[in-house]
Amino acid sequence: MLNSGWVREARVAVPTRVTCCVVGCGPAGAVLGLLLARAGVDVLVLEKHADFLRDFRGDTLHASTLQVLDELGLAEDVLALPHSAAAAVGVSIGDSDFRLADFRRLRGKYRYIAFMPQWDLLDFLTKEASRLPTFRLRMQAEAVGVVQEGGRVVGVTVRSPDSAEETVQAELTVAADGRGSAVRRSAGLRPVSFGAPMDVLWFRLSKRDSDPGQTFGRLGPNRLLVLIDRGDYWQVGLVIPNGAYGEVQRRGMDAFRAELARLAPFLADRVGEVRSWDDVRMLDVQVDRLPRWWRPGLLCIGDAAHAMSPIAGVGINLAVQDAVAAANLLAGPLRAGGTIGTLPLARVQRRRTLPTVLTQRVQRAIQDGFLSALLAEQDGRAEVRPPRLLRVLQRVPALQAIPAWFVGRGVRPEHLRPAATGQPGDWRPAAASR
């Protein structure tokens, strides 16, 4: 049995054998670690960074994710953390506003999406998990490759800043280490890439009480500006053509600031807060998917299995749904002990393939049918004509329920099964124990 506690110090020895080793403590890894530990499975989560404080990560909590947290008894505590909520999202084109999705038209308890810094969510989830005797988190522990015996993955090799490489043996290794997954690569799994026409430049600008309410985005010639309300600042994303960042830099910072001011005039008096390119982070957008998410002894979930476009911000939610499906299908076999077969791993992929494929198809349709044309040269035009879809949604507000369902609920949202909710009498959620 593993010792409880949230272990941050790299000098602490990694356990040499666990039932399940989860590589990567993003949303997928943190949720899976918590669920498996609640089910009584010895689980070690490895995170290569020293903390979770990395800006501009996906951090929208949609209704499906809030429902999972509610089923865990944790939604109330999570929503007590600093966040903003949006009952609807839309875009602005010039002086006109267009609503894209109205989450108030959803059924259920959560009819909005919440914007919360991902580090706050991960801190909360891992601290909750650390209360369980079968959970352990190891920070500054980078999994650099899998260990194989007889064609089966039996663990990972771990590198820490102040120690030699160590080996963690596990009945099951779960790769939740993102789109650049070292575990996936080491295991010989290669995703199929579908390409993307854009990159996103992320940065911060201060927010003032006089600023307009959140509209999610502003469209202009050759550009889309994304705005996320962080309370005292705006998280801003400038969508540019794929590979165009070098050209943007060559035009200079003054031209960059002027473009921001044209797209969002209310921000014109503070674009100087972007002092240099050091204040800008580029997201190289990828859309890909593994043909097979598993090998004997190994399962990939989240971005390690399918990198999503940032369109609609659904990546974090699909990752959480993957984790719930994996816990539902694997907690029982892992708790029973012995070698876990490939059938449960294949079932996880089958369960999550439909929502992944359909979501990516919608994202690619938006990319190819709208964003590609928007990001192309506009022949000197100073204005952008509202797309037909926006005009239809504006004329028939009831249709706004469709994108609200796709974004807020998604295809095949997961719910916790008894096998993944813990053993009666072993543990109570924090909300019930205070």
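Biologist: Among contacts in the protein chain between residues at least 6 apart in sequence, what share join residues at least 24 apart?

Modeller: First, this is a predicted model, where local features need pLDDT of at least 70, side-chain atom pairs count only at pLDDT 80 or more, and totals for chains, interfaces and linings use all residues. Residues are numbered from 1 along each chain as its sequence is written, and side-chain values use heavy atoms, leaving out hydrogens and water. A contact means heavy atoms within 4.5 Å. Counting contacts between residues at least 6 apart in sequence, the share that join residues at least 24 apart is 76%.

Biologist: How many strands does the protein chain have?

Modeller: Helices (H or I, at least four residues) and strands (E, at least two) are DSSP runs, numbered from the N terminus. Alongside twelve helices, the protein chain's strands come to 21.

Biologist: And what percentage of the residues count as buried?

Modeller: Buried means under 20% relative accessible area, exposed means over 50%, and partly exposed is in between (1.4 Å probe, protein chains only). The protein chain has 434 residues, and the buried part of them is 55%.

Biologist: What kind of aromatic pair do Phe203 and Phe256 make?

Modeller: Rings of Phe, Tyr and Trp (its six-membered ring) pair if their centres lie within 6.5 Å; planes under 30 degrees apart are stacked, over 60 edge-to-face, and the rest tilted. The whole structure holds five such pairs. With centres 5.6 Å apart and planes at 70 degrees, the Phe203 and Phe256 pair is therefore edge-to-face.

Biologist: How many residues apart are those two along the chain?

Modeller: Phe203 sits in strand β14 (residues 198–206), while Phe256 sits in helix α7 (residues 253–263). Both Phe203 and Phe256 are buried. Their pair links distant parts of the chain, and the separation in residues is 53.

Biologist: Trp234 has an aromatic partner too; which residue is it?

Modeller: The two rings are 6.1 Å centre to centre with 70 degrees between the planes, an edge-to-face pair. It ties together parts 32 residues apart in sequence, because Trp234 lies in strand β17 (residues 233–241) and its partner in the loop between α7 and β18 (281–283). Trp234 counts as buried, at 1% relative accessibility. The partner of Trp234 is Phe266.

Biologist: Which residue lies over the face of Trp234?

Modeller: A charge sits over a ring if NZ of Lys or CZ of Arg is within 6 Å of the ring centre and within 35 degrees of the ring normal. Another ring, Trp294, has Arg292 over its face, at 4.4 Å from the ring centre. For Trp234, the distance to the ring centre is 5.6 Å and the residue is Lys207.

Biologist: Is Asp209 buried or exposed?

Modeller: Asp209 lies in the loop between β14 and β15 (216–220). Its C-alpha atom is 9.0 Å from that of Asp232, 23 residues apart along the chain. At a relative accessible area of 84%, Asp209 is exposed.

Biologist: What is the phi of Gln140?

Modeller: Most residues other than glycine have a negative phi, and most peptide bonds are trans. Gln140 lies in the loop between β9 (135–139) and β10 (142–149), and at 26% relative accessibility it counts as partly exposed. Its phi is positive although it is a residue other than glycine, with a value near 55 degrees.

Biologist: Ala312 also has a positive phi; what is it about?

Modeller: Ala312 is in the loop between β21 (298–300) and α8 (315–336). With a relative accessible area of 22%, Ala312 is partly exposed. It is not a glycine either, and its phi is about 70 degrees.
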